[in-house]
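Hi,

Here is the structure I promised to pass on. My notes follow below it.

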Amino acid sequence: MSYFPRLLSLALLASASTQARAGEFETADSNHDGRVSSGEHEGYVRAAFDRMDGNGDDKLTQAEIDAAGKAFWRHVDAGGTPRGAAPPPTTAEKLQRLDANQDGLISQGEYATAGAAKFQTIDKNHNGELSFEEFWAGF
């Protein structure tokens with residue numbers, strides 16, 4: 001493959017990624033004012049939880065979490081370590097942090113609490129709203 005087709009392929013992938021990000025931001029920004037409030041983020045996290053909750057019982061099993069893959073972690077803060085700090089927490093350690101009552105399941109309430117923590121973490125200017133840049137810097 002020559003240089004130009006590779007460059008074109010990379011540009012198309014970057015464009016598709018940017019469009020996907022913009023689409024997800026628009027979904028979270030339910031009133032379409034260009035910012036995601038904490039309330040909008042709460043609804044966005046709830047909708048993500050509901051998509052993962054295959055049986056609709058408001059609890060995520062290990063199988064549902066495994067099936068969700070990276071989507072499970074994208075919406076919550078599990079008390080990780082700063083980038084570059086070693087060693088990062090394992091998946092099991094992060095799940096244990098989220099599972100407040102240690103029943104082996106992640107309830108909707110536990111996921112919502114972790115989603116609110118994520119909002120606080122990525123709201124860098126602490127104005128109670130996420131700009132597009134803040135929203136995506138957190139993912």
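**Salt bridges, a helix pair and a buried acid**

Arg-35 counts as partly exposed, because its relative accessibility is 36%. Keep in mind that the model is predicted.

Arg-35 has two acidic partners. Its side chain meets that of Asp-33 in a salt bridge, 3.3 Å from N to O. Glu-129 also bridges to Arg-35, with the closest N and O atoms 3.0 Å apart. Glu-129 sits in strand β4 (residues 129–130), while Arg-35 sits in the loop between α1 (3–28) and β1 (36–37), so this pair ties together parts 94 residues apart in sequence. Both acids are partly exposed: Asp-33 has a relative accessible area of 32%, and Glu-129 has 24%.

Another salt bridge joins Asp-50 and Arg-46, closest N and O atoms 2.9 Å apart. Both residues lie in helix α2, four residues apart, about one turn of the helix. Asp-50 is partly exposed at 37% relative accessibility. Arg-46 is partly exposed too, at 28%. Shared partners, meanwhile, link Asp-33, Arg-35 and Glu-129 into one network. The salt bridge count comes to five.

Next, the helices. α2 (residues 38–52) packs against α6 (residues 108–122) at about 140°, axes 10 Å apart. That angle makes α2 oblique to α6. The crossing of α2 and α6 is right-handed. Residues in the contact include Arg-46 and Phe-49 from α2, and Tyr-111 and Phe-119 from α6.

Last, which side chain of opposite charge is nearest to Asp-99? Lys-59, 10 Å away. Asp-99 is buried and has no salt bridge. Asp-99 lies in the loop between α5 (91–98) and β3 (106–107). Its contacts include Leu-105, Ile-106 and Glu-110.

Best wishes

Methods. Residues are numbered from 1 along each chain as its sequence is written. This is a predicted model: local features need pLDDT of at least 70, side-chain atom pairs count only at pLDDT 80 or more; totals for chains, interfaces and linings use all residues. Side-chain values use heavy atoms; hydrogens and water are left out. Helices (H or I, at least four residues) and strands (E, at least two) are DSSP runs, numbered from the N terminus. Buried means under 20% relative accessible area, exposed over 50%, partly exposed in between (1.4 Å probe, protein chains only). Lys and Arg count as positive and Asp and Glu as negative; His and the chain ends are not counted. A salt bridge is a side-chain nitrogen of Lys or Arg within 4 Å of a carboxyl oxygen of Asp or Glu. Contact means heavy atoms within 4.5 Å. Axes are lines fitted to C-alpha atoms, for helices over the stretch in contact, and angles run from 0 to 180 degrees between N-to-C directions. Angles under 35 degrees count as roughly parallel, over 145 as roughly antiparallel, 65 to 115 as roughly perpendicular and the rest as oblique. A crossing is left-handed if the near helix is turned anticlockwise from the far one by less than a right angle, and right-handed if clockwise. Lists of a residue's contacts leave out its neighbours within four places in sequence.
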